[in-house]
Amino acid sequence: MRKIVMLVITVALLLVMTGCANDKKENTAQKQGQLQSITIGLMPDVDSIPFIIAQEKGYFKEEGLNVTLKQFKSAMERDSALQSGNLDGAVSDMLAEAFAKKGGFDTVITSLTNGSYKLIANKNETAASVRDLQGKDVAISKNTIIEYVTDRIAAEGGLSANDLNKTVIPQIPARLEMLQNNKIAAATLPDPLATVAIKNGGHVINTSEQLGINPGVMIFTSKAVNDKEKEIQAMYRAYSKAVDYLAREPMDSYIDLVIEKTGFPKEIKGALVLPQYKKPTAPPKKEVDDVIAWLQARQLIDKKYEYTELVDTRFVR
């Protein structure tokens, strides 16, 4: 009888232990399957479109990820939100990353984006090249990717940065309005607002694509990179799905959605030409070094930052 009782107790203990082990496995699996939410800042440009598509087509949800997208009209507003902790990451540029480092804000570049920047003369301006804009008002946003592209265009045309009368208009929609109202001779704009300017009579002087430069990047806080590594990996998987979608679908099938969600002007419909979106990759070292050299030449940063100080390649290897 005693042997039977001991056998029953042993079996019961084994069942309890097995049950606890299974519960532990289930709880662990559940925790592993739960991703934290992330918040990303967007600008009114074509870099943002893959994120809009990933959100609206459910690619983030397919990866088990909840993403909040916040729209900004100027780089200053976006950077303030990033530095105050209201964003995990943002569509940004290499200059913003260098300035963040200089200011003691801990952020890193995680990949390139696929933006397009154009220097456009107003519809009444006869300038056919950047040299024809010498001494004339050209609207930019100060110390940003816009000014960098403008200076590179000027240099390519044989001018110095000071040969243009650079007029600072931080908000992109306001810059477009000034151009269309002939208040300035030219402006450097990102697409799709560059497309609006062209459609309304402006003409292209030069572009970042023609120069072969691409300083647009994705930036995350170091806290997000370290605390939300799985979430950022999931974001990039969803982003890649959006790139595949944009490659195979005609623009007519999603342009209305993009206009609705981004607030892009309706005039872009039928006129916008998108860049060839690429799967996430790290920025080339030369591109980063060129930006740092530009910033140093203008005494906007105190030191030459190394590539590894600015770029974290763990997500795009």
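The exercises below, each with a worked solution, go through the fold, pockets, cavities and selected elements of a predicted model.

Residues are numbered from 1 along each chain as its sequence is written. Because the model is predicted, local features need pLDDT of at least 70 and side-chain atom pairs count only at pLDDT 80 or more, while totals for chains, interfaces and linings use all residues, and side-chain values use heavy atoms, with hydrogens and water left out.

**Exercise 1. Describe the protein chain as a whole: its elements, its burial, its contacts and its surface.**

Step 1. The secondary structure consists of 14 helices and ten strands, where helices (H or I, at least four residues) and strands (E, at least two) are DSSP runs numbered from the N terminus.

Step 2. Buried residues make up 51% of the 317 in the protein chain; buried means under 20% relative accessible area, exposed over 50%, and partly exposed in between, with a 1.4 Å probe and protein chains only.

Step 3. If one takes the contacts (heavy atoms within 4.5 Å) between residues at least 6 apart in sequence, 79% of them join residues at least 24 apart.

Step 4. The accessible surface is about 15300 Å², and carbon and sulfur atoms account for 51% of it; the areas come from the Shrake-Rupley method with a 1.4 Å probe, and for residues only the protein chains shown count as cover.

**Exercise 2. Determine which residues and elements line the largest pocket, and set out the composition of the two largest pockets by class.**

Step 1. The search runs on a 1 Å grid over the protein atoms alone: a cavity is a set of points where a 1.4 Å probe fits but cannot get out, a pocket is an open set with protein on both sides within 12 Å along at least five of seven lines, and lining residues have an atom within 4 Å of a point. Grid points are joined across faces, edges and corners, and a volume is the space filled by probe spheres set on the points.

Step 2. The largest pocket holds about 460 Å³ of space. It is lined by 28 residues, and A75, M76, R78, D79 and T144 are the closest to its centre.

Step 3. Two or more lining residues come from each of α4 (75-83), β3 (89-93), α5 (94-102), α6 (145-156) and α7 (172-180), with α4 giving the largest share, six residues.

Step 4. The classes count Ala, Val, Leu, Ile, Met, Phe, Trp, Tyr, Cys and Pro as nonpolar, Asp, Glu, Lys and Arg as charged, and the others, Gly among them, as polar. On this basis the lining of the largest pocket has 15 nonpolar, seven polar and six charged residues.

Step 5. The second largest pocket, with about 300 Å³ of space, has 15 lining residues, and N114, G115, I213, N214 and K278 lie nearest its centre. Its lining has three nonpolar, nine polar and three charged residues.

**Exercise 3. List what lines the two cavities of 30 Å³ or more.**

Step 1. The largest cavity, of about 60 Å³, is lined by D79, L82, Q83, S92, A96, E97, A100, F105, T107 and I219. Helices α4 and α5 are the elements that give two or more residues to this lining, which by class has five nonpolar, three polar and two charged residues.

Step 2. The second largest cavity, of about 50 Å³, has a lining of N122, K123, L179, Q180, N182, A197, N200, G201 and G202, with two nonpolar, six polar and one charged residues by class.

**Exercise 4. Work out how strand β8 is covered and paired.**

Step 1. In β8 (residues 186-190), five of the five residues are buried.

Step 2. In a regular strand the side chains alternate between the two faces of the sheet. In β8, A186, T188 and P190 point one way and A187 and L189 the other way.

Step 3. Strands pair if DSSP finds at least two bridges between them. Strand β5 (residues 117-121) pairs with β8 in the antiparallel sense over five bridges, and Y117 stands opposite P190.

Step 4. Strand β6 (residues 137-140) runs parallel to β8 and is joined to it by two bridges, with V138 having A186 as its bridge partner.

**Exercise 5. Is helix α2 largely enclosed or exposed, and why?**

Step 1. Helix α2 (residues 49-56) is largely enclosed by the rest of the structure, because six of its eight residues are buried.

Step 2. The buried residues are I49, P50, F51, I52, I53 and A54, and just after α2, G58 takes a positive phi of about 80 degrees.
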